[in-house]
Structure formats: structure tokens, C-alpha cells
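Reader: I should like a close look at a single helix and its setting. Please explain how its residues are arranged and then place the helix in its chain.

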Amino acid sequence: MRVWKLPADVDTDQLAPGHTMKHGLEVTARHCLEAVRPDFAAGVQRGDVIVAGPNFGIGSSREQAASVLVQLGVAAVVAPSFAGLFFRNAFNVGLLLLTCPQAGRIADGEAITFDARAGRLTRAGGEALPCDPIPGFLLDMVEAGGLLPQLRQRFKPAQEPR
Amino acid sequence: MPSPATLAQKLIARAAGRAQVTPGEIVTCRVDLAMFHDSSGPRRLQPRLAELGAQIWDRDKVVLVIDHYVPEADEESRRIVKIARDWAAEQALPHVYDSMGICHVVVPQHGHIRPGMFCVGGDSHSPTGGAFGAYMFGIGATEMLGVVVTGEIWLQVPQTIFMRWSGRLADGVSAKDMMLAMLARHGMNGGRYQAVEFCGEAVAALPMAERMTLANMSAELGAQTGLVAPDDTTRAWLAAAGAADVDTTPWHSDEDAPGVRHAYDGSTLAPQVALPHSPANVRAVDDLEPTRIDIAYIGACTGAKLDDLRAAARVLAGYRIAPGVQLLVAPASLKDAAAAEREGILRHLTEAGATLLPSACGACAGYGAAIREGATVISSTARNFKGRMGSATAQVFLGSPYTVAASALQGRIADAREILS
């Protein structure tokens with residue numbers, strides 16, 4: 001899992017630029033992070049990880065800021081802190097966030113692995129970095145692919161003939 | 001005896017059907033009001049509701065405001081707004097405000113938000129409702145779908161961060177300056193997604209519109225909500241908005257309630273300006289390098305309510321703006337625009353050289369008439385992220401409506417106190 005390093009205070013308008021919002025997620029995905037990391041949208045591979053500075057996801061409630069990263073195949077975002085609204089949105093659309101106080105130690109391009117339930121990620125050289133625990137119901141949600149698949153489970157059976 | 005509790009705890013306990021709640025615990029709350037707009041609402045909800053075969057849990061508790069893509073500037077905007085209108089008709093939604101102004105202003109102006117309520121909004125500036133002593137916060141479209149089909153939402157009970165403002169603000173200094181000063185001290189995520197409560201003499205003296213500005217920009221502080229305990233000012237404003245006789249007595253923090261406390265002196269506060277490209281990149285206006293401007297923008301839920309327009313008109317009445325400067329004014333709602341018209345404020349603004357724009361989100365979020373490339377802008381809006389207003393090369397400064405008006409007059413970022421005195 002290749003690491004894409006990003007600075008502090010990455011905001012929702014950088015993740016999902018306002019001028020792209022009316023055109024749908026595929027268009028937004030092509031412009032994701034163009035203002036801070038122009039090589040990201042074209043270069044990111046399925047399973048890659050973003051490692052960012054503090055306050056990742058500050059700004060608007062647009063959940064496209066999280067779903068665009070799911071669309072691009074990002075496996076997780078690791079940062080010392082997240083904006084609260086972005087945090088909720090990410091789990092709701094099936095994007096795993098790992099709050100890691102020592103995220104700054106990880107280098108751009110490094111290969112890392114993580115275990116979300118154990119609250120731990122492992123650097124290329126084997127160094128383990130602890131992550132804040134995530135409530136079980138949020139891990140269940142992200143593993144289900146977000147809130148929508150869970151709602152499907154909840155509402156679909158009511159549609160079936162008994 | 002229940003232990004001392006904050007306003008936030010009391011509001012959440014009520015919505016969770018509990019006697020009391022403790023910061024840190026996760027609870028499920030019943031939602032009293034769900035607000036969404038044309039950008040976050042129907043175009044995302046409609047196909048998913050259809051897919052789930054689910055119904056809106058309570059139509060009377062849903063409010064739709066069409067404010068982001070109006071007036072429709074292009075085909076895509078027309079398509080999005082049409083989805084919202086068609087869906088509202090199909091669902092027979094009882095509360096729809098179409099092209100009447102910005103949701104955070106229109107919804108309270110029609111009496112939908114009252115002290116004690118627990119509300120969610122499909123927009124990050126939803127904490128604005130906290131100005132009325134309601135617990136209100138922003139959520140994304142998927143989570144709104146969950147609320148719309150269940151009427152419930154989970155919440156981690158927040159700590160409360162008390163921002164106590166002593167003293168009285170000087171003439172020409174406003175709630176926007178208070179908020180920029182708090183952002184300067186605490187930073188954009190300083191609210192840590194906890195509840196902020198604004199209190200003290202300077203807050204109690206603020207009219208509702210100014211309290212709304214504080215609560216609104218709690219989003220920039222990174223708080224989940226921003227509260228002001230309701231009082232006589234709240235009651236009088238709500239009565240005029242059609243919500244008479246609200247009971248405010250239960251809705252205040254106990255004196256010894258737990259929380260983090262910060263103190264500010266309102267009487268010494270100078271006008272504040274946020275420099276590009278962050279609302280927390282703040283200086284006092286007097287400490288700024290001389291900064292020429294091309295565009296002065298008075299708009300948005302944050303900075304174009306009736307009181308904001310009054311502030312601008314006090315500065316501009318009887319003067320002309322500087323040559324080469326464009327002053328754009330987009331009143332936050334039709335109600336505010338109509339009141340400003342009656343008071344003669346709009347005439348003062350247009351005679352000074354202002355161009356009036358529709359009451360919608362507009363340039364604040366890069367919708368509609370965007371700011372041109374390379375422009376230097378002073379704006380009464382909430383955010384100046386790079387590219388936010390539709391141009392990646394624009395330099396956007398944030399200030400109060402007083403500061404924006406004074407800057408339009410002088411052609412550079414200016415201190416309104418010099419003009420008012």
C-alpha cells in the first residue's frame with residue numbers, strides 16, 4: 001500500500017472542488033486534490049493510503065470529499081486528527097479513517113499495512129504505530145461498505161413477500 | 001439530584017429520552033427537524049429512497065430549501081433544481097422554500113427552529129440553529145438518508161467549550177470579528193467536534209442575527225454545534241418569526257457545569273480580517289499591510305442578514321465606493337432584502353455603487369456568479385479556502401460587513417471605526 005503524503009488542514013474544497021460538484025463523482029475524482037497534489041488523481045492506485053497532517057477534512061459537509069477517495073480506491077486515510085463532520089461522512093460512505101498521533105513519521109511513497117480493529121499500523125521497516133480506537137459499530141459500517149448497504153439490509157427484507 | 005449539566009447535555013438528553021448524558025458516551029437521538037437543500041438533498045435522497053423502498057419518517061419534520069443552484073445559471077443547475085422541485089411535489093413536502101434565500105437564515109425566519117429542539121442539516125453551517133438554543137449540526141447526504149428513513153441519529157456526547165465574552169463591543173465591531181478572534185486563538189479544528197457555547201455580557205447584548213453569525217461559524221472552529229442560551233432576545237425574535245410563547249427556561253448551562261472555559265474581552269476587540277487561504281489566518285485590521293481590493297462581497301448566511309446589511313449601509317450611506325472597486329451585495333433572504341428595502345438600506349447601498357445579486361448561496365461557494373481569476377476580494381462570508389469562491393487564483397480576505405463596506409469605500413482593506421466616528 002503506497003503512501004501519499006499530504007499536508008495539514010486538507011479541506012473538503014480541495015478534495016471535492018465546488019466547480020466540479022454538479023457534474024458527478026467521476027468528474028470530481030479527476031480534480032481531487034488538484035490544488036495540493038496535482039499528481040494524485042491520475043497516479044493513485046487501488047489500495048493506496050493517504051497519510052496527512054492534522055485536521056484532515058475541514059470545511060463543508062459535502063460527503064463527496066470522502067466518497068471521491070472511495071471512488072479512487074483509497075484504502076484508508078491516516079492523520080493525527082480529522083474534522084468531525086468529515087469523520088462521520090467517511091464511515092458513512094465506507095472510507096476507513098485511522099487517527100494516528102505519530103502519522104508524521106510515515107514517509108511519502110512508503111509501503112504500510114494496518115489492522116483497524118487492533119488499532120495499529122505497521123511501517124515498511126516493521127515499526128508499529130498505535131491508532132485511536134474506533135467504536136465497533138463504525139468499523140462494522142465501514143466493513144459493510146458504509147451506511148447505505150446497512151440500510152439496504154434493514155429495509156429490503158420488508159419488501160420481500162412473506 | 002442530577003449532576004450539573006451543560007446546555008448541550010440537556011438538549012441531547014431530551015432528544016435521547018434520558019435523564020442525563022455524560023460527555024464521551026454514544027447515544028441515539030430522535031430528530032425534531034431535518035433540513036436540507038438542493039445540493040445535498042433531493043438529488044441524493046430521491047434515488048436512494050426509491051431503491052430502499054423506504055418512506056420519509058415524518059414529512060412535517062423535514063424542511064427543503066432551494067438555495068444553492070438558484071437562480072439556475074446553466075443546464076446542470078436547471079437539472080438539479082428540477083429534481084428538487086419535482087421530488088418536493090411528488091412527496092407533498094409541507095415545508096419548501098424555493099429561491100427565498102439561504103437555508104440557515106430562511107428556516108429560522110419561518111419559525112422552524114425553537115429552543116430545546118434537536119435538529120440536523122445537510123450543510124456544514126447548520127450549527128447556525130444553535131443561536132436559538134437548539135442542538136443543530138451538519139451531516140452529509142448519506143447520513144441524512146439514514147435520518148430521513150429512521151428519524152434517528154447517533155451522537156457522541158460532546159464536552160462543552162465555553163467562550164465567555166465580557167464587556168461590550170465598540171461601534172463598528174461585530175460578531176464576525178469575535179469569531180475571527182476565536183479562530184485566531186484556537187485554529188480551524190480547535191473546537192475538536194465538541195459543543196461550543198458562547199456566553200457573557202458581550203454575547204447577551206448581541207441581536208439574534210449576530211448570534212447566528214457566531215453559531216454559523218462554529219463550523220469553522222470545527223465544533224459540532226455552537227450554542228447561545230436562549231433569552232428575551234430569542235423569544236422576541238421568534239415571536240416575530242411566528243413561533244410565539246416558546247419556553248426557554250430549561251435551556252441553559254448550570255453554573256457549575258463541566259467544560260473547558262476561555263475568556264475574551266469584547267470591549268478591547270478591534271476589527272479582524274482573515275487572510276488567504278484560511279479563516280484562521282487572522283490579523284487585526286490595523287496590523288495589515290496596505291491591501292488594495294478589486295471586489296467587496298457582502299453575501300452568505302454568515303454575512304448578509306438584515307443586521308449585516310444595516311452595518312454596511314451605516315458605513316456607505318451618502319458616499320460612493322472607490323473607483324475600480326466592485327461591491328456585490330447578495331441579501332441572505334428575501335425577507336431580509338424586503339426589510340432592507342423598507343428601511344431604505346438597499347437604496348443607500350445601490351446609491352453608493354453596490355450591485356444587488358439574488359438571495360442565494362451564490363459566489364460564497366463558487367456557485368452562480370463566481371469571482372473572477374486573480375481578483376483580490378474582501379468578503380463577509382465564512383470561508384476563504386483556495387478556490388472556494390470559484391477562482392483558484394483569487395486572494396480572498398474575510399471581514400465583517402462593516403469592514404467589507406469600509407474597504408469598498410476606500411479601495412483597500414479599511415477600518416470602519418474611522419468612518420463611523
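Author: What follows is an account of one helix of chain B, then of the chain around it and its contact with chain A. The model is a predicted one.

The helix in question is H3(B), which covers residues 75–90 of chain B and so counts 16 residues. From its first C-alpha to its last it reaches 22 Å, close to the 22 Å expected at 1.5 Å a residue.

Five names make up its buried set: Ile80(B), Val81(B), Ala84(B), Trp87(B) and Ala88(B). Viewed down the axis of H3(B), these buried residues fall within an arc of 125 degrees, so they line one face of the helix. The underlying periodicity is general: an α-helix has 3.6 residues a turn, so residues three or four places apart point the same way. Turned away from the buried side of H3(B) is a face that carries the exposed residues Glu75(B), Asp86(B), Ala89(B) and Glu90(B).

As to what lies over the buried residues of H3(B), the cover includes helix H2 (42–52) of chain B. It also includes two strands of chain B, E3 (62–66) and E4 (96–98). After H3(B) comes Ala92(B), whose phi is positive, near 50 degrees.

The chain as a whole gives the context. Chain B contains 16 helices and 18 strands. Its radius of gyration is 21 Å, close to the 22 Å that the globule rule gives for 421 residues, so chain B is as compact as a globular protein of that length. The C-alpha trace of chain B spans about 60 × 55 × 40 Å along its principal axes. Of its 421 residues, 59% count as buried. Among contacts in chain B between residues at least 6 apart in sequence, 76% join residues at least 24 apart.

Elsewhere in chain B, strand pairing can be followed through three strands. Strand E14 (residues 295–298) runs parallel to strand E15 (residues 326–329), and 4 bridges join them. Within this pair, Ile295(B) stands opposite Gln326(B). E15(B) also pairs in the parallel sense with strand E16 (residues 354–356), over 3 bridges. There Leu327(B) stands opposite Ala354(B).

Finally, chain B meets chain A: 36 residues of chain B are in contact with 32 residues of chain A. On the chain A side, the elements that give two or more residues are helix H5 (84–92) and helix H7 (147–159). H7(A) gives the most, with 6 residues. The residues of that side divide into 12 nonpolar, 13 polar and 7 charged.

Definitions and conventions: Residues are numbered from 1 along each chain as its sequence is written. Chains are lettered from A and ligands numbered from 1 in the order in which they are written. This is a predicted model: local features need pLDDT of at least 70, side-chain atom pairs count only at pLDDT 80 or more; totals for chains, interfaces and linings use all residues. The expected span of a helix is 1.5 Å times one less than its number of residues. A residue is buried if 20 or more other C-beta atoms lie within 10 Å of its own, exposed if 12 or fewer, and partly exposed in between; C-beta atoms are placed from the backbone. The arc is that of the directions from the helix axis to the C-beta atoms. Two residues are in contact if their C-beta atoms, placed from the backbone, lie within 7 Å. Ala, Val, Leu, Ile, Met, Phe, Trp, Tyr, Cys and Pro count as nonpolar, Asp, Glu, Lys and Arg as charged, and the others, Gly among them, as polar. Two strands pair if DSSP finds at least two bridges between them. The radius of gyration is taken over C-alpha atoms; the globule rule is 2.2 Å times the number of residues to the power 0.38.
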